[in-house]
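Student: I have a structure open and would like to learn how to read its features. Could we go through it one feature at a time?

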Amino acid sequence: MVPTTLLVETAQAFQPGRALDLACGSGRNAVWLAEHGWRVTAVDRSAAAIESLQKSHPAIDARVADLEKHEFPIAEASWDLIVVCLYLQRDLFEPIKRGLKPGGVAIVIVLLMEPGHERSLFRVQPGELVRYFDDWEILHSYEGKSTDSEHHRAVAELVATKR
Ligand SMILES: C[S@@+](CC[C@H](N)C(=O)[O-])C[C@H]1O[C@@H](n2cnc3c(N)ncnc32)[C@H](O)[C@@H]1O
């Protein structure tokens with residue numbers, strides 16, 4: 001399992017603390033964080049993915065929850081790092097912002113609208129992602145071909161910290 005490069009580069013610049021991986025899938029990012037000193041909670045609606053993650057990495061607090069149904073309430077001012085990688089749910093951005101402690105960091109990677117996918121609700125428009133964090137300090141903002149080894153589609157990436 002290869003973690004997202006952006007997560008690795010970003011997390012290394014912060015003191016390990018409490019991290020939340022939303023829509024964690026196999027847990028490639030959660031596992032990297034846990035192996036680098038973070039106390040990690042990982043959430044996904046796939047029971048199979050969470051069961052497998054729990055078995056292989058018992059130190060990770062892995063939870064089955066449907067984020068669209070808000071089955072995992074993001075506790076306010078509780079997290080030092082929140083990552084959402086390749087999952088877009090627009091109404092999560094405000095809870096993510098409220099969930100981070102001052103000085104905490106959000107890492108968001110979502111698919112970017114490309115020709116032929118103009119009607120997809122699961123991709124952001126150019127310039128859209130950064131707007132959700134326009135009152136935050138933007139540490140990284142990128143739109144273009146992904147550098148993630150797991151796929152090479154067009155993405156919007158954002159790293160932002162609470163002032
Ligand atoms: C493309 S995968 C990304 C997985 C992981 N973040 C990564 O980068 O490897 C998208 C994940 O979102 C999860 N997912 C989709 N809808 C969800 C929902 N409503 N609540 C929680 N997880 C969801 C899927 O089960 C899947 O694991």
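Student: Does proline 102 count as buried or exposed, and why?

Tutor: Keep in mind that this is a predicted model. Burial is read by counting neighbours, and 12 or fewer other C-beta atoms within 10 Å make a residue exposed. Proline 102 has 8 C-beta neighbours inside 10 Å, so this proline counts as exposed. Proline 102 is part of strand β5. In space, the C-alpha of proline 102 is 7.4 Å from that of alanine 77, though 25 residues separate the two in sequence.

Student: Which strand does β5 pair with, and how many bridges join the two?

Tutor: A pairing is read from its bridges and its direction. Strand β5 (residues 100-111) is joined to β7 (residues 154-161) by 7 bridges, and the two run antiparallel. Within that pair, valine 110 of β5 sits opposite alanine 156 in β7.

Student: In what order do the strands of the sheet lie?

Tutor: Read a sheet from one edge to the other. Here 7 strands make an open sheet, ordered β3-β2-β1-β4-β5-β7-β6, with mixed pairing. The edges are β3 (61-64) and β6 (137-145); each has a single partner strand, so one side of each lacks a neighbour in the sheet. From one strand to the next, the twist averages 10 degrees.

Student: Which strands do helices α2 and α3 lie across?

Tutor: For a helix on a sheet, note the strands it crosses and the angle. Helix α2 (residues 28-35) lies across β1 (18-22), β2 (39-44) and β4 (79-85), at about 170 degrees to β2. Helix α3 (residues 47-56) lies across β2 and β3, at about 165 degrees to β3.

Student: How many residues does the largest nonpolar core have?

Tutor: In soluble globular proteins, nonpolar side chains tend to be buried together. The largest nonpolar core here has 47 residues, and Ala30 and Ile82 have the most contacts inside it. At least two core residues come from each of α1 (5-11), β1, α2, β2, α3, β4, β5 and β7. The most come from β5, which gives 7 residues. Leaving out residues up to four places away in sequence, isoleucine 82 touches Leu20, Leu22, Ile96, Gly99, Leu100 and Ala106.

Student: How many residues surround the ligand, and which are the closest?

Tutor: List the shell, then sort it by chemical class. The ligand is surrounded by 15 residues, the closest being Ala23, Gly25, Arg45, Leu67 and Cys85. The shell divides into 7 nonpolar, 3 polar and 5 charged residues.

Key
Residues are numbered from 1 along each chain as its sequence is written. This is a predicted model: local features need pLDDT of at least 70, side-chain atom pairs count only at pLDDT 80 or more; totals for chains, interfaces and linings use all residues. Two strands pair if DSSP finds at least two bridges between them. Helices (H or I, at least four residues) and strands (E, at least two) are DSSP runs, numbered from the N terminus. Axes are lines fitted to C-alpha atoms, for helices over the stretch in contact, and angles run from 0 to 180 degrees between N-to-C directions. Two residues are in contact if their C-beta atoms, placed from the backbone, lie within 7 Å. A residue is near a molecule or strand if its C-beta atom, placed from the backbone, lies within 6 Å of it. Ala, Val, Leu, Ile, Met, Phe, Trp, Tyr, Cys and Pro count as nonpolar, Asp, Glu, Lys and Arg as charged, and the others, Gly among them, as polar. A nonpolar core is a set of buried Ala, Val, Leu, Ile, Met, Phe, Trp, Tyr and Cys residues joined through C-beta atoms within 7 Å. A residue is buried if 20 or more other C-beta atoms lie within 10 Å of its own, exposed if 12 or fewer, and partly exposed in between; C-beta atoms are placed from the backbone.
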